[in-house]
Amino acid sequence: MKKRYRALPAMAAAAALVLAGCAADAGSDGAGGEITFDVPDVPMLEEKGDYEDAVDIIAWSGFVEPEWSDAFTEETGCVVNRRVAGTSDEMVQLMRTGDYDLVSASGDASLRLIVGGDVAPINRDLIPNFGDDIVPGMQGQLYDTINGKVYGVPIGRGANILQYNSEVVTEEPTSWDIVWEADSPYAGQITAYDAPIYIADAAVYLMYHEPDLGITNPYALDEEQLAAAIELLQQQNALISEYWSDPVAQITSFAGGTTVAGTSWEILRKLAADDKLKGTLPVEGSTGWSDAWMISAESDAPNCAYEWMNYTSAAEVNGKIAMNFGMAPANGAFCETSDEAAAHCEEFNALNEEYFENVWYWTTPIEQCLDGRTDVQCTSFQEWTDAWVSVKG
Amino acid sequence: MTSTATKPVSTMLYRSRRLRLGSLLTLPLVWLVGLYIASLALLLATAFWRVDPFTSKVTPAFQFDAFEQLLSNQAYLSTSLRTLGIALTVTLVSAAFAIPLGIYMAKIASPWMRGFLAVAITLPLWAGYLVKILAMRVTFTEEGFFNSFFGVFGISGPGFSQTTVVLTLTYLWFPYMALPVYTAIRQIPVNLFDASADLGARGWTTIRTVVMPLLAPALIAGSVFTFSLSLGDYIAAELVGGRTQMIGSVIANNINLNPPVAAAFALVPIAFVVLYLLGTRRTGALERM
């Protein structure tokens, strides 16, 4: 995973590492150090004090549940106020109100929050559970480790899989081609994710099949590469039965026979509870997501917030969240706690870094090329959003 | 005791005309100007603001980038026209259903039947908006009610498409058209029908020359609802539209990532409605509403 962002020539990378030299004492392995950004200087918490009364958390549904938050309140006296958000964009907007202490940010939200100065760097010394048990693939990623500072405490990760109805698609697909190519045998029965970030899925496909385009990171597309991705998406548009952004709509689309193949999350396949629905990670790889706790720059309950991050990073609690949401836990030690835990880790490839080598976690596309190119300007999320309108026409 | 002592408030209001007017209008005006118009204006002002390409944060400015973007990408135009087409179709279909139904209810049906139909028309209003869209979703899904019922006759449904969006929106907004039309027809004096018959007009001639002109204000009132509500909708497109993209879908996609574009594009349906109202005003129908 880490090598992905090491596309810069070795000299430049080494120089950047020297510049980001202070990364070492933050406990980071420096993987995010190659690309530097102008980040507002937000102080990090130096030492912990007394617990406050309450902590306000923005989270994905299933991340903050009474099953584990009640015990936390009992232990610390911090009352947990949860606000469930539906999309990364909503989380960013909510964090900017300054009313919340913590957010469970995915990679496409975190960069925006860090560069916007909305979140503070993390002091790892105050989070003992954020240690070696956190799987290596989730440490020091670009979207939460910037300029050598760590901004996120990993929670879990997952891949966007190719889900198919095995009664119609009888042979396990090895490639995403059935959802992209004009001659797909399942034309008119394909689903796609209805958000600009889905452009990255087209880029992943092109990266494999059209090496001449020179895409090395699906979130770092110059104008020409973006145009190619949009063209592919427009070709796909003719195959689509419906786009989904509401998870429930996606489940009913497969269940009702409207859709037989398309992008999905492991959790949705599980929720559908239908044996004929199968999921696979095709050869091209896929996009995915990796979530991390981030603390607000304006948090008025930093002590409660830090303890929450520490508490949820413990193997048991982190595992509960992962099992509840249906994702690979960040804390690898969880996998050894019970047979059930081991089975969950197996199912979600928690310790299988090879599996995640092929997964490109959601990251905010920005003008500065994330793959390290400096001779060209990449396209920003605004340009993706604008381009997305022309996919559906 | 005089009444001045026992009812000081009403006495004071009686004496001061301004106070009287002020106390009557303050609350609705605060609502209208303060909350309704001001918040709308603030939102629309965002169209001229600057958005940071990295963080999506907006900062106050005065520039036309958002509008340039709308003009440079043809998809915004085609989306606008598609949405306009959907809204107009919904309005026409609603009117085409509402007129015969209204005439039947007001002039032909027995009191019992009239009551039953009135309940039947308003019944969908009792259920939530989302529930109704999901009901349509269940109906038109591939293995849903429509296909399994009509499949016997070799008919397959429209699936999730633009047609389904039109059907769903018609289903949602039909009561807003049917009720004013029905009320208007009921208010037409019976002797007008008699007079028309006495002069030798048959049924269709009576409808064309007597009923329709009297119906225009009600039709326009109803169409303002069906038209403007359809223009702004995006949930229907999302849940039963399949590949359909409407103005609302684009605004929803942009509202967090690029607020100026969302605000600028929000002016399009407003412009459509204003043009529509201006057009109907020329017919004089608004005065009689």
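Here is a short tour of this two-chain model, from the whole complex down to single strand pairings.

The model is predicted, and the predictor gives the complex an ipTM of 0.83 and a pTM of 0.84. Chain B is built from 14 helices and two strands, while chain A is divided into two domains, domain 1 (2-157 + 289-351) and domain 2 (158-287 + 366-392). Where the chains meet, 30 residues of chain B are in contact with 32 residues of chain A. Within chain A, strand 7 (residues 153-165) is a good place to look, as 13 of its 13 residues are buried.

**Chain B as a whole**

- Confidence in chain B averages a pLDDT of 89, and 96% of the residues score at least 70.
- With 14 helices and two strands in chain B, the radius of gyration comes to 25 Å, well over the 19 Å that the globule rule gives for 289 residues, so chain B is more spread out than a compact globule.
- If you turn the C-alpha trace of chain B along its principal axes, you will find that it spans about 85 × 75 × 35 Å.
- Buried residues make up 34% of the 289 residues of chain B.
- Taking the contacts in chain B with a separation of 6 or more, 71% are between residues 24 or more positions apart.

**Where chain B touches chain A**

- The contact involves 30 residues on the chain B side and 32 residues on the chain A side.
- On chain B, the elements that give two or more residues to this side are helix 5 (74-108), helix 12 (235-240) and helix 13 (247-254).
- Helix 5 of chain B provides the largest share of that side, with four residues.
- By residue type, the side of chain B that touches chain A holds nine nonpolar, 15 polar and six charged residues.

**The two domains of chain A**

- Each domain is written as two segments: 2-157 and 289-351 for domain 1, and 158-287 and 366-392 for domain 2.
- The C-alpha centres of domain 1 and domain 2 of chain A lie 27 Å apart.
- Contacts between the domains of chain A bring together 15 residues of domain 1 and 11 residues of domain 2.
- The side of domain 1 of chain A that touches domain 2 has 10 nonpolar residues, one polar residue and four charged residues.

**Strand 7 of chain A and its partners**

- Strand 7 of chain A is largely enclosed by the rest of the structure, because 13 of its 13 residues are buried.
- Strand 12 (residues 286-296) of chain A pairs with strand 7 of chain A in the antiparallel sense over six bridges, and here Ala159(A) stands opposite Gly288(A).
- Five bridges link strand 7 of chain A to strand 10 (residues 261-265) of chain A, again with antiparallel strands; Ile161(A) stands opposite Ser264(A) in strand 10 of chain A.
- Strand 11 (residues 277-280) of chain A is joined to strand 7 of chain A by four bridges in the antiparallel sense, with Lys278(A) as the bridge partner of Tyr164(A).
- Strand 13 (residues 328-329) of chain A also runs antiparallel to strand 7 of chain A, over two bridges, and Pro329(A) in strand 13 of chain A stands opposite Gly156(A).

**Strand 12 of chain A and its other partners**

- Strand 12 of chain A has 11 of its 11 residues buried, so it is largely enclosed by the rest of the structure.
- Strand 3 (residues 102-106) of chain A pairs antiparallel with strand 12 of chain A over five bridges, and Leu102(A) has Ile295(A) as its bridge partner.
- Strand 4 (residues 119-120) of chain A makes an antiparallel pair with strand 12 of chain A over two bridges; the bridge partner of Ala120(A) is Ile295(A).
- Strand 14 (residues 359-361) of chain A runs parallel to strand 12 of chain A, and three bridges join them.
- In that parallel pair, the bridge partner of Gly288(A) is Tyr361(A) in strand 14 of chain A.
- A handy general point when viewing these strands: in a regular strand the side chains alternate between the two faces of the sheet.

Key
Residues are numbered from 1 along each chain as its sequence is written. Chains are lettered from A and ligands numbered from 1 in the order in which they are written. This is a predicted model: local features need pLDDT of at least 70, side-chain atom pairs count only at pLDDT 80 or more; totals for chains, interfaces and linings use all residues. Two residues are in contact if their C-beta atoms, placed from the backbone, lie within 7 Å. Ala, Val, Leu, Ile, Met, Phe, Trp, Tyr, Cys and Pro count as nonpolar, Asp, Glu, Lys and Arg as charged, and the others, Gly among them, as polar. The radius of gyration is taken over C-alpha atoms; the globule rule is 2.2 Å times the number of residues to the power 0.38. A residue is buried if 20 or more other C-beta atoms lie within 10 Å of its own, exposed if 12 or fewer, and partly exposed in between; C-beta atoms are placed from the backbone. Two strands pair if DSSP finds at least two bridges between them. pLDDT is the predictor's confidence in each residue, from 0 to 100. Domain bounds come from an automatic or database domain assignment.
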